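Trainee: Please take one strand of this model and walk me through its surroundings. Keep it brisk.

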Amino acid sequence: MAAAPKPQVPTDPVELKKWRENEQARERAKREREKAEIGSLWSRRDFLGKLGWAGFGAFSLVALLAAVRSAFPRVLFLPPSKFKAGYPSDYVIGEVSEKYKQDYRTWIVRTKAGFYAIFAKCTHLGCTPRWLKAEQKFKCPCHGSGYYISGLNFEGPAPRPMDRFKIYIGDDGQLVVDKSVLYEMAPGIDPNVQHPESILKVA
Ligand code: FES
């Protein structure tokens with residue numbers, strides 16, 4: 001590329017003065033342009049720097065929260081061992097109430113003789129059976145065990161009847177189920193016969 005021709009420096013003093021002024025103005029404009037370019041470069045660097053700090057801050061916060069959480073392991077809150085199950089008059093003779101199955105894994109059965117509370121846990125491998133009203137039986141969906149309304153097993157691999165919880169009437173007249181008292185059922189015997197105390201007798 002050919003070199004730019006050298007500017008002609010005037011010899012006339014008046015022209016020379018004007019020329020110098022023009023040169024100085026051009027020089028000032030050039031410096032201003034350079035300053036502006038450097039300024040925009042720094043402001044871009046500044047932005048990227050802030051972005052980097054924000055990312056670092058977010059990462060540190062997540063790490064801190066994880067550390068705090070690991071210092072407080074999850075606590076498993078179990079339902080209280082006793083629960084109120086309404087008034088005896090809320091129940092219909094011959095029916096199985098599933099109202100407390102979801103929260104307390106308990107069926108409350110009302111018979112002519114009274115009430116009993118069955119622990120809704122299959123004695124084979126612990127699945128939760130279903131009450132089939134039309135067939136008047138509890139049926140386990142896992143391997144097909146079947147139980148009569150008393151909880152006595154009669155089909156499938158379940159080795160024994162389902163257990164029962166203690167049930168009684170509280171001071172306020174409501175039924176109370178105490179899950180801390182479990183009547184464990186032995187194989188081959190009707191639960192009403194082997195644990196008659198599991199039945200709350202009412203007139
Ligand atoms: S767990 Fe109920 S039949 Fe296997």
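Mentor: What follows is a close look at strand β4 and its neighbours. Keep in mind that the model is predicted.

Start with burial. β4 spans residues 114-119. Five of its six residues are buried, so the strand is largely enclosed by the rest of the structure.

Next, the core. The largest nonpolar core holds 25 residues. Among those with the most contacts inside it are Phe115, Tyr116, Ala117 and Ile118, along with Ile108, Ile167 and Val177. Strands β3 (106-110), β4, β9 (164-169) and β10 (175-183) each supply at least two residues of this core. β4 gives the most, with five residues. As a general point, nonpolar side chains tend to be buried together in soluble globular proteins.

Now the pairing, one partner at a time. β3 runs antiparallel to β4, and five bridges link them. A hairpin of three residues makes the connection from β3 to β4. Within this pair, Ala117 of β4 sits opposite Ile108.

β11 (residues 200-201) is also antiparallel to β4, joined by two bridges. Here Phe115 faces Leu200 of β11.

β9 pairs with β4 as well, again antiparallel, over two bridges. Arg164 in β9 is the bridge partner of Ile118.

Finish with Ile118 itself. Leaving aside residues up to four places away in sequence, Ile118 touches Thr106, Trp107, Val109, Gly151, Met162 and Arg164. Arg164 thus appears both as a contact of Ile118 and as its bridge partner.

Methods: Residues are numbered from 1 along each chain as its sequence is written. This is a predicted model: local features need pLDDT of at least 70, side-chain atom pairs count only at pLDDT 80 or more; totals for chains, interfaces and linings use all residues. A nonpolar core is a set of buried Ala, Val, Leu, Ile, Met, Phe, Trp, Tyr and Cys residues joined through C-beta atoms within 7 Å. A residue is buried if 20 or more other C-beta atoms lie within 10 Å of its own, exposed if 12 or fewer, and partly exposed in between; C-beta atoms are placed from the backbone. Helices (H or I, at least four residues) and strands (E, at least two) are DSSP runs, numbered from the N terminus. Two residues are in contact if their C-beta atoms, placed from the backbone, lie within 7 Å. Two strands pair if DSSP finds at least two bridges between them.
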